[in-house]
Amino acid sequence: LERNADLAMYEAKFGNHGTHAFTPILNQALSARRELEGEMASALEHGGFELHYQPQCDREGRVAGFEALLRFTHPTLGVVPPSRLIPIAEESQMIIPLGTWVLREACRQNRQWQLEGHPPVRVAVNISSMQFAREDFADRVAEVLEETGLSPVFLELELTESVVVKDFAESTQQLQRLKRLGVSIAIDDFGTGYSSLNYLNRLPIDRLKIDRSFIQVLHEPNSTLPILEAIISMAKNMELGVVGEGVETEEQRSMLCLKGCDLLQGYLFSRPVQANRAAALLQAETLY
Ligand code: C2E
Ligand code: CA
Ligand code: CA
Ligand code: CA
């Protein structure tokens, strides 16, 4: 079925005249994909996925939280990036159990850091649209918090703009259920969708994560600085926190701080790292 669907899509794009010539290549790609899907299913069952953690720093450079990012090392292919993993997981429905695993592992790890005596911080978990669309999603979150013993104030869920504005009435209900649990909500990749801040203002959210694409070009002529200023000042008026994503240079850091951004995340501070290295970052005075 998957092969037929992909073939149909392929033919729609290129016409079916040349299909014969392309079929072997297509088959190769599909079998590689199926193989990876198999490896992922087995990794989910027997262990093999890992989370890395990237710090979000306050204006002084202290770690205020981590974003949990999925990692998978394939026995022969090596490290497979989430940009490849997530679409496969979504198409195969694996994203539901995998997403729950990510949530549980991030909460378990954060609780463990607290039990080890590290200063308590938030952990932010990326949520796929398919997870968010499930009516029982808030129940899953409640179960994970209960199982791991993590207080909801130390969990943040990251949702993209397009996910929350898709069905406004449904999303509002879902977000309200989540807010009742006491977790916080961040809007990921902010600025890349088409929603207005005014629209978002009617949703119970806590934080905006300004997409890396706005921050990358801050120091170029005709830069996105006016957009950045507008986003930050409107977010402040709505009492939302603001995170700058993909901060790589000192110029970007100082500009974001000057404009009033609360939290900064990016390679300038740290790449995503394994849990034990993340714990060491919690002990640092500042990361810059
Ligand atoms: P995202 O949520 O926007 O995550 C930020 C991505 O930017 C991460 O890529 C991170 O490693 C990268 N990044 C952080 N700082 C910098 C920087 O300074 N410069 C540059 N060039 N990149 C930076 P990663 O880990 O490859 O993840 C890619 C995307 O995959 C994520 O984008 C997110 O949408 C998705 N993803 C990752 N983990 C999960 C997960 O557990 N569940 C779901 N549903 N999606 C996930
Ligand atoms: Ca994210
Ligand atoms: Ca993002
Ligand atoms: Ca992104």
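Which residues are the closest to ligand 1, and how many surround it? I took this as the opening entry for the predicted model.

**Entry 1: ligand 1**

I listed the shell and found 20 residues around ligand 1. The closest are Gln 54, Arg 71, Arg 212, Glu 248 and Tyr 267.

I then looked up which elements supply the shell. Strand β2 (63-74), α3 (82-91) and strand β6 each contribute at least two residues. The largest share comes from β2, which gives 4 residues.

Next I looked up polar side-chain atoms facing the ligand. One on Gln 54 is 3.0 Å from a nitrogen atom of ligand 1. For Asn 126 I noted a distance of 3.0 Å to an oxygen atom of ligand 1, and for Glu 67 a distance of 3.2 Å, also to an oxygen atom of the ligand. Ligand 1 on its own exposes 810 Å², of which the protein buries 80%. I also recorded that the space ligand 1 takes is the largest pocket.

**Entry 2: calcium ion, ligand 2**

Two of the residues from the previous entry reappear here, Glu 67 and Asn 126. The protein donors of the calcium ion (ligand 2) are Glu 67 (OE), Asn 126 (OD1), Glu 158 (OE) and Asp 188 (OD), at 2.1 to 2.3 Å from the ion. I wrote down the spacing of these donor residues along the sequence as E-x58-N-x31-E-x29-D. Glu 67 belongs to strand β2 and Asp 188 to strand β6; they are 121 residues apart, and the pair links these distant parts of the chain. I checked burial for both: Glu 67 and Asp 188 are buried.

**Entry 3: calcium ion, ligand 3**

Which residues give the protein donors of the calcium ion (ligand 3)? I found Asp 188 (OD), Asp 189 (OD) and Glu 245, the last entered twice through OE, all lying 2.2 to 2.4 Å from the ion. Their spacing along the chain reads D-D-x55-E. Asp 188 is in strand β6 (residues 184-190), whereas Glu 245 is in the loop between β8 (241-244) and α12 (250-259), so this pair ties together parts 57 residues apart in sequence. Glu 245 is buried, as is Asp 188.

**Entry 4: the two ions together**

Which residue coordinates both calcium ions, and how far apart are the ions? I noted a separation of 3.9 Å between ligand 3 and ligand 2, with Asp 188 coordinating both. Asp 188 is thus entered twice in this notebook, as a donor to ligand 2 and as a donor to ligand 3.

Methods:
Residues numbered from 1 in each chain as written. Chains lettered and ligands numbered in written order. Predicted model: local features only at pLDDT ≥ 70, side-chain atom pairs only at ≥ 80, totals over all residues. Heavy atoms only, no water. Donors = N, O, S within 2.8 Å, 3.2 Å for Na, K, Ca; no water. Buried < 20%, exposed > 50% of the residue type's maximum accessible area, 1.4 Å probe, protein only. Near = heavy atom within 4 Å. Polar contact = N/O pair within 3.5 Å; in protein donor to acceptor, adjacent residues only side chain to side chain. Areas by Shrake-Rupley, 256 points an atom, 1.4 Å probe, with all protein chains shown as cover. 1 Å grid on protein atoms, 1.4 Å probe; cavity = no way out; pocket = protein on both sides within 12 Å on 5 of 7 lines; lining within 4 Å. Sits in = over half its atoms within 2 Å of the grid points.
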